[in-house]
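Please explain how this structure is put together, beginning with its ligand and moving on to the cores and two individual residues.

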Amino acid sequence: MAPTSDDAPASAHRKGSTAATEPSMLELSHVQQAAIARLAHDDVVIPPPLQLAREAVLRNDAVERMHAQSDPEGFWAAKSQAVDWIEPWNQVVRFDPPEHEWFLGGKLNACANCVDRHVYSDRRNKAAILWVGEDGEEQAYTYNRLYREVNRFANAMRRLGVRKGDRVVVYMPMVPEGIITMLACARLGAIHCVVYAGMGTEALRSRLVDAAAKVIVCSDFTFRRGKKMPLKPTVDEAVRDLTAVEHVIVHRRGSRVGDAPFQFDSERERDFYDIQHAREIHCEPEAMDSEDPLFILYTSGTTGKPKGIVHSTGGYLVGVTYLARAFYQIGERDIYWSTSDIGWIVGHSFIVYGPLSIGATVFCREGVPDHPTPDVTWELCERFGVNILFTAPTAMRMWMSHGPEVPLRYDLSRLRLIACAGEPLNPEAHLWSQKHLVGQSGGFVVDNWWQTEIAAPVLGTLPTFEARPGKVGKPLPGVIADIVNAHGEPLPDGAGGLLVLRRPLPYMMRTVWNDHARYEAYWTQIPGCYAAGDIAVRDKDGWFAVLGRSDDVLNVAGHRIGTADVEGSLLRHPSVAESAVVGLPDALKGERIKAFVVLKPGASTGPGLVASLKDHVRQDLGPIAQPAEIEIRTALPKTRSGKIVRRYLKAVELGEDPGDLSTLAD
Ligand code: AMP
């Protein structure tokens with residue numbers, strides 16, 4: 001659907017000509033081909049608001065980009081100055097594909113950068129975190145308070161035996177204690193591994209096992225759309241036979257909201273606050289090597305086994321510190337809000353490390369952006385004076401569905417930038433947001449592309465670029481991106497192909513935990529390049545559009561879900577013999593999950609079966625992975641060697657010609 005003139009903001013105009021579409025050697029889906037064809041004719045551009053462009057941190061981003069290309073080492077050396085080093089580095093980068101190391105020899109502590117250096121400055125009493133719970137509870141943490149709480153908890157964990165390199169799993173919702181736990185781990189040099197608190201038992205257990213976690217820190221419950229959702233039973237089930245987990249530290253929120261404290265029922269359980277000593281407010285930060293891991297964050301791949309993406313300390317912190325200012329434009333007096341959660345990479349990089357490293361004020365909230373009312377986001381933006389909002393296209397489409405009158409009821413005149421990432425931002429939602437969300441302030445909506453593996457923006461629309469709805473933007477300084485066919489040959493502008501990076505970035509992953517071969521695969525699919533797993537197209541002016549995944553990974557409401565994860569979960573249901581999962585287009589969430597299952601002989605097919613299958617996936621993996629639809633079949637389409645052909649199922653669902661099954665190769 002082309003944007004209607006009603007949706008177009010006043011500042012949007014049309015520019016000349018488009019790029020030609022070339023055939024590529026990759027097999028693109030019909031949906032991707034249609035998107036490319038549409039983009040070739042979509043020529044709306046939105047110029048950046050004058051004020052924003054004038055005040056942009058990178059006013060001369062072209063010079064910055066040239067510097068990054070002609071002298072990448074000098075460029076990153078300059079950016080590293082924004083971070084405090086305990087010992088200076090002696091070499092910027094060592095790149096021997098696929099291995100890359102940054103700021104060699106340097107020592108630093110990420111927590112000290114995010115907390116201590118502000119406490120010893122004029123920011124001591126500045127708000128670091130302003131938090132609102134779903135139930136309306138509010139907390140404010142100045143940098144000084146944050147310092148005390150992080151140090152106390154770090155000391156408590158140190159007393160329990162947590163040391164540099166130990167893995168600590170964090171299963172907490174968007175509460176300040178979650179941020180405190182991450183920072184306390186970083187202080188000790190322990191590797192935190194946050195598992196999104198909406199994930200189910202099997203998802204949590206498999207991550208605890210893969211990371212060989214020594215400790216898990218969890219909350220007793222979270223709120224989801226007004227309901228108190230217990231988290232502790234999921235933890236109990238997940239750790240039941242895991243003897244390597246020495247301590248289960250429980251943040252008992254119940255005691256704060258007046259519930260009677262529940263009894264711990266195992267020796268290894270501890271209370272988050274009881275283990276802290278009031279006067280232990282100094283904990284020496286560990287001097288970490290630049291290349292020491294800061295965290296593991298699991299994401300979905302194509303095999304059904306979670307992929308533990310490992311990020312370093314030095315390169316990561318330099319990257320997120322630079323981009324918090326240069327891309328998200330977070331300034332000293334801003335209130336910045338990311339609607340993400342600490343369970344995702346956006347939460348790590350741009351709720352915690354990036355903004356706190358630059359001493360910003362971060363607003364954060366537990367809960368979804370349309371509960372308890374569709375206007376809750378705007379009420380909070382007005383009340384807290386939010387200047388910069390980082391959100392996802394699904395949220396934009398949801399706001400759009402409630403109509404423009406909802407944000408209009410609030411004073412959003414301070415909201416000057418909305419950044420969007422996580423999934424393709426469709427032109428309709430982009431134009432609507434530009435007109436109705438930042439229309440009052442004369443602000444700007446910008447897209448940016450990155451992923452768990454590359455922990456900060458790579459492609460994006462800087463506030464000095466024009467925005468081109470449907471397109472993410474251009475490569476940011478330091479990035480050399482290209483589009484290639486399956487053989488690695490560069491494709492002409494306008495042709496869809498694999499998105500690759502020709503050079504590493506300091507904020508890219510260093511390995512996949514316990515599985516370095518899986519890391520190497522990112523660099524060997526197209527030799528010498530990093531293949532992101534996405535299909536993209538570039539226009540003749542260098543603007544990229546990212547159209548979706550090139551592998552069997554789905555993107556539901558900005559969350560990455562492997563088809564293999566959901567299929568594996570269905571196979572763990574006692575009635576299921578075979579399963580196949582596909583992603584279908586969804587107007588709100590981008591994609592929705594449809595599953596096809598073949599039952600075991602004799603399995604009952606009663607009316608409750610589909611509900612029981614859905615419930616099983618929900619318990620196992622979490623609500624985000626629950627299929628929207630499940631169809632029971634007597635057989636699944638397979639190649640002659642017996643491989644299930646998901647794309648055949650998908651083509652039929654989309655009303656396209658699925659081709660002749662008997663001729664399909666494996
Ligand atoms: P995750 O690692 O969960 O953050 O998911 C990363 C994936 O989300 C990328 O590989 C893309 O497929 C998709 N993605 C992220 N940002 C964008 C964007 N701005 N436009 C299109 N797709 C995106």
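In this predicted model, a nitrogen atom of the ligand lies 2.7 Å from a polar backbone atom of Asn-448. Side chains take part as well: an N or O atom in the side chain of Thr-452 is 2.5 Å from an oxygen atom of the ligand, and for the side chain of Arg-549 the distance from an N or O atom to a ligand oxygen is 2.9 Å. The ligand would expose 500 Å² if taken alone, and the protein buries 94% of that.

Two elements each give two or more residues to the shell around the ligand, namely strand S22 (444–451) and strand S29 (544–549). Of the elements, S22 gives the most, with five residues. In total, 16 residues surround the ligand, and the closest are Asn-448, Thr-452, Asp-534, Arg-549 and Arg-560. By character, the shell holds six nonpolar, five polar and five charged residues.

The nonpolar cores come next. In soluble globular proteins, nonpolar side chains tend to be buried together. Here the largest nonpolar core has 124 residues, and within it Leu-183 and Tyr-353 touch the most other members. Apart from neighbours within four places in sequence, Leu-183 is in contact with Cys-111, Cys-114, Val-115, Leu-146, Val-150, Val-352, Tyr-353 and Leu-356. A second core, separate from this one, has 45 residues, among them Met-199, Val-239, Trp-344 and Ala-595.

Tyr-141 belongs to strand S7 (residues 138–142). Is Tyr-141 buried or exposed? Tyr-141 counts as buried because its relative accessibility is 1%, under the 20% cut-off. Leaving out residues up to four places away in sequence, Tyr-141 touches Lys-126, Ala-127, Ala-128, Ile-129, Leu-146, Glu-149, Pro-176, Glu-177 and Ile-180. Leu-146 is thus a contact of Tyr-141 and also of Leu-183. The C-alpha atom of Tyr-141 is separated by 31 Å from that of Ser-433, which is 292 residues apart from Tyr-141 along the chain.

Thr-313 sits in a loop, the one between strand S17 (307–312) and helix H11 (314–326). Thr-313 is nevertheless buried, because its relative accessible area is 1%. With residues up to four places away in sequence not counted, Thr-313 touches Leu-108, Ala-110, Met-288, Asp-289, Ser-290, Asp-292, Pro-293 and Leu-294.

Definitions and conventions. Residues are numbered from 1 along each chain as its sequence is written. This is a predicted model: local features need pLDDT of at least 70, side-chain atom pairs count only at pLDDT 80 or more; totals for chains, interfaces and linings use all residues. Side-chain values use heavy atoms; hydrogens and water are left out. A nonpolar core is a set of buried Ala, Val, Leu, Ile, Met, Phe, Trp, Tyr and Cys residues joined through side-chain atoms within 4.5 Å. Buried means under 20% relative accessible area, exposed over 50%, partly exposed in between (1.4 Å probe, protein chains only). Contact means heavy atoms within 4.5 Å. A residue is near a molecule or strand if one of its heavy atoms lies within 4 Å of it. A polar contact is a pair of N or O atoms within 3.5 Å; within protein, one must be able to donate a hydrogen and the other to accept it, and residues adjacent in sequence count only if both atoms are side-chain atoms. Accessible areas come from the Shrake-Rupley method with a 1.4 Å probe; for residues, only the protein chains shown count as cover. Helices (H or I, at least four residues) and strands (E, at least two) are DSSP runs, numbered from the N terminus. Ala, Val, Leu, Ile, Met, Phe, Trp, Tyr, Cys and Pro count as nonpolar, Asp, Glu, Lys and Arg as charged, and the others, Gly among them, as polar.
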